[in-house]
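User: Please take a close look at one part of this model, the open sheet. Then go on to the aromatic pairs.

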Amino acid sequence: AAVSAAFAGKRLVVPAGDYKQRSNDTDYPFRAHSAFAHLTGWERDSEPGSVLVFEPTAGGHEITLYFRERADRTTAEFYSDATIGEFWIGPRPALAQVADALGVATSHIDEFAAGDDDLTVDVDDDLTRFVSELRLVKDEYEIERMREAVAVTASGFDDVIRELDDAIAHHRGERVVEGVFHRRARTDGNGEGYDTIAASGPHACYLHWTRNDGAVVPGDLILVDAGVEVDSLYTADITRTLPVSGRFSEVQRRVYEAVREAADAAFDAALPGVPFRAVHEAAMQVIAARVAEWGLLPVTAEEALDADRGGQHRRYMVHGTSHHLGIDVHDCAQARRDMYYDGLLEPGMVFTIEPGLYFQIDDLTVPEEYRGIGVRIEDDIVMTAD
């Protein structure tokens with residue numbers, strides 16, 4: 001209804017997307033486009049090639065979900081088509097079944113394709129922006145799905161800790177960690193919401209380390225950034241940094257506690273009516289103070305925080321502290337800046353708090369004892385009225 005009101009008189013087409021080739025005749029697992037999944041409520045069982053269409057009418061829009069209906073044993077498709085034939089991939093949904101489940105009119109995809117070639121379908125930046133902004137504030141249904149995702153993800157982290165000895169014993173222990181988490185994601189959810197980062201030792205200093213082919217060595221830290229996407233396609237996004245041997249060294253603890261202090265400061269700053277960017281600013285004040293205290297900056301913490309001439313502390317934390325979270329791991333990413341980074345926190349917003357410190361193994365600007373230490377702590381936050 002909100003989309004219809006915002007685009008009166010316009011014909012809108014929201015595609016689910018299709019299979020993407022992995023190699024030769026194998027495809028990546030299908031996952032519907034987030035806007036399609038959000039607007040239809042059709043979750044992990046969405047059919048590839050489906051299209052949601054808003055057809056303008058005098059009173060608003062007539063909304064139809066088009067997809068390829070199942071083909072039974074009387075059709076050649078059932079036996080011969082390895083991509084969609086049910087003999088190959090299993091049962092597919094019927095039009096009436098989906099219409100009843102979702103409460104939306106359905107029609108065969110062939111009816112959408114036929115006769116529509118001469119129409120200009122305007123799926124533009126305005127629609128992309130609008131559906132992103134539509135998700136900035138979650139409703140109770142969405143929040144419950146995300147609580148479910150967080151709970152399953154927490155169980156995945158418990159699994160990782162429980163099986164850390166197996167990771168230590170394997171020469172590619174990071175892969176063991178990834179695999180343990182994957183098992184939980186697939187058994188209790190739809191899969192991972194993004195590629196798991198299992199970064200041990202110096203690899204923790206690479207923000208998006210997903211190669212995960214390194215050893216897990218006692219005495220090092222391991223940074224695990226992982227989130228389960230549940231069947232509704234909502235995902236969690238959690239990071240924990242663990243001492244592989246069970247106890248931090250003095251320097252590791254110093255870095256970890258600074259990051260934890262920054263996370264706590266960001267959490268305290270997150271209040272209704274506060275600018276979203278204030279969460280990041282609170283964390284960065286702590287980060288700047290601590291690295292200055294350790295003698296790592298050529299300037300004072302106050303000078304580093306100066307908007308025009310500062311930023312020296314950002315060498316050790318280049319990313320933001322928070323992003324919105326939901327049906328995408330970086331949810332609402334196409335929203336306007338004045339509604340996102342410069343917007344105000346509202347009840348129902350869900351976002352991360354994830355400060356970090358990363359001292360590259362070859363960074364000669366820091367003492368040797370810091371080099372190769374990377375720490376991030378990431379929690380998932382729902383903003384409430386109080």
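Analyst: S1 and strand S4 (residues 51-57) run antiparallel and are joined by four bridges. One contact point can be named: Val-14 has Leu-52 in S4 as its bridge partner. The model is predicted.

These two strands belong to an open sheet of four, ordered S1-S4-S5-S6, with mixed pairing. Strand S1 (12-15) and strand S6 (105-108) are the edges, and each pairs on one side only. On average, neighbouring strands are turned by 25 degrees against each other, direction ignored. Helix H5 (residues 95-102) packs on this sheet. H5 touches strand S5 (60-67) and S6, and its direction makes about 160 degrees with that of S6.

Now the aromatic rings. The whole structure holds 18 aromatic pairs. Take Phe-7 and Phe-130: the ring centres are 5.7 Å apart and the planes stand at 90 degrees, so this pair is edge-to-face. Phe-7 sits in the loop between helix H1 (2-6) and S1, while Phe-130 is in helix H7 (residues 125-134), so the pair ties together parts 123 residues apart in sequence. Both Phe-7 and Phe-130 are buried.

Trp-294 and Tyr-370 pair too. Their ring centres lie 5.5 Å apart with planes at 25 degrees, so the pair is stacked. Trp-294 and Tyr-370 are both buried.

Elsewhere, one aromatic cluster is made up of Phe-276, Tyr-340, Tyr-341 and Phe-351. Tyr-141 has a charged partner: the charged end of Arg-145 sits over its ring, 4.6 Å from the centre.

Terms used. Residues are numbered from 1 along each chain as its sequence is written. This is a predicted model: local features need pLDDT of at least 70, side-chain atom pairs count only at pLDDT 80 or more; totals for chains, interfaces and linings use all residues. Side-chain values use heavy atoms; hydrogens and water are left out. Two strands pair if DSSP finds at least two bridges between them. Axes are lines fitted to C-alpha atoms, for helices over the stretch in contact, and angles run from 0 to 180 degrees between N-to-C directions. Contact means heavy atoms within 4.5 Å. Rings of Phe, Tyr and Trp (its six-membered ring) pair if their centres lie within 6.5 Å; planes under 30 degrees apart count as stacked, over 60 as edge-to-face and the rest as tilted. Buried means under 20% relative accessible area, exposed over 50%, partly exposed in between (1.4 Å probe, protein chains only). A charge sits over a ring if NZ of Lys or CZ of Arg is within 6 Å of the ring centre and within 35 degrees of the ring normal.
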